[in-house]
Amino acid sequence: MLPNFEVEFVQGEWKKYYKCTSKSFQKQISYWRFRRMCRSFLKGVTTLKRQYEKKLMNSIQILFVDEQCEKAVHIVTDLQGTIHGFTLRPYYQFDTDQQWTKNTYNMPICEEWFVFWGGTNEFENYHYLYPHQRYAYDLIRVVDHQTFKNEGIHNEDYFAFGAKVVAPLDGKVLQVIQHIPDQPVGEMNEADFLGNYIILEHAEGEYSLIAHLKQYSTVVKQGDVVKSGELLALCGNSGNSSEAHIHFQVMDCPHIEQANSLRIRFEGGVEPVQGETV
């Protein structure tokens, strides 16, 4: 997709790419405003490089960064090449990207799941700008490029809903919340943003958090000692969640509001990012 974008965008070929945007995009922003934004963004930029191009569900996501890795262009197209999203933003990176967990973890799953959010930039991982969630993962289940069967109206339509959630590492159950109702699809519970969740205490002062679990599905209790891979609960759609998925992160204290999220060292040296199957 967009084979010559790196050169043509810097050279001012903005009208060419504006013409590739969707009608809804053009209703929201005129060409003249688009041109002003591009010109302002490109001050001090002489070259762009393609950081990645990936298929995510039914879209193509492409990220370009400037030579100083200070500015980013993020483009979202459909599979036919129509541009639906065109974002010009600073490209943030943090020193904590080089600080890994002391323990080595597995994902808290038994089957193949899809990484919907995960990585070390805000375009692959919307958690990234928030220190307490910076290296979190959101995992969904995908079959034939869909997360649901039937009409996707009910939680039970989603392949993730009711799937097993297991311990990512040996540890002790520190906290269990399981009374929060699962939200109807598309509705969000911001007040109880984690929904039902489990916090495990591990060696080296590290704590894992697994959130958005199914109401009353937890099979462990506070104080239990669990082994890696042991069943904990089932995936749900509780909390600030638009559809059934797992939120997984490791942190340096058991209180998410006070914690720093830690970049997770995984078994086998893998580094999962958005768009990969794990």
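In this predicted model, a good place to begin is the salt bridge between D170 and K227, whose closest N and O atoms are 3.9 Å apart. A salt bridge is counted when a side-chain nitrogen of Lys or Arg lies within 4 Å of a carboxyl oxygen of Asp or Glu, so the distance of 3.9 Å between D170 and K227 qualifies. The two residues come from distant parts of the chain, 57 residues apart. You can find D170 in the loop between β8 (164-166) and β9 (171-177), while K227 sits in the loop between β12 (225-226) and β13 (231-234).

How accessible are these two partners, D170 and K227? D170 has a relative accessible area of 37%, so it is partly exposed. K227 reaches 54% relative accessibility and therefore counts as exposed, because the cut-off for that word is over 50%.

Side chains of opposite charge can pair when their charged atoms come close. A search through the whole structure turns up 9 salt bridges. Another one of them joins K54 to E124, with 2.5 Å between the closest N and O atoms. K54 belongs to strand β1 (residues 48-56), and E124 to the loop between β6 (114-117) and β7 (137-140), so this pair ties together parts that lie 70 residues apart in sequence. Are these two residues buried or exposed? Both K54 and E124 are buried.

Next, look at E271 and R263, which form a salt bridge with their closest N and O atoms 3.2 Å apart. E271 counts as partly exposed because its relative accessibility is 47%. R263, at 15%, counts as buried, since buried means under 20%. Salt bridges can also share partners, and in this way E6, R50 and E53 are joined into one network.

Now let us turn to strand β15, which covers residues 261-266. Why is this strand described as largely enclosed by the rest of the structure? The reason is that 5 of its 6 residues are buried.

Which strands pair with β15? Strand β5 (residues 100-105) pairs with β15 in the parallel sense, over 3 bridges. To see one place where this pairing can be traced, find Y105, whose bridge partner in β15 is F266. Strand β14 (residues 246-251) also pairs with β15, but in the antiparallel sense and over 2 bridges. Here you can follow V250 to its bridge partner in β15, L262.

Key. Residues numbered from 1 in each chain as written. Predicted model: local features only at pLDDT ≥ 70, side-chain atom pairs only at ≥ 80, totals over all residues. Heavy atoms only, no water. Buried < 20%, exposed > 50% of the residue type's maximum accessible area, 1.4 Å probe, protein only. Helix = DSSP H or I, 4+ residues; strand = E, 2+ residues; numbered from the N terminus. Pairing = 2+ DSSP bridges.
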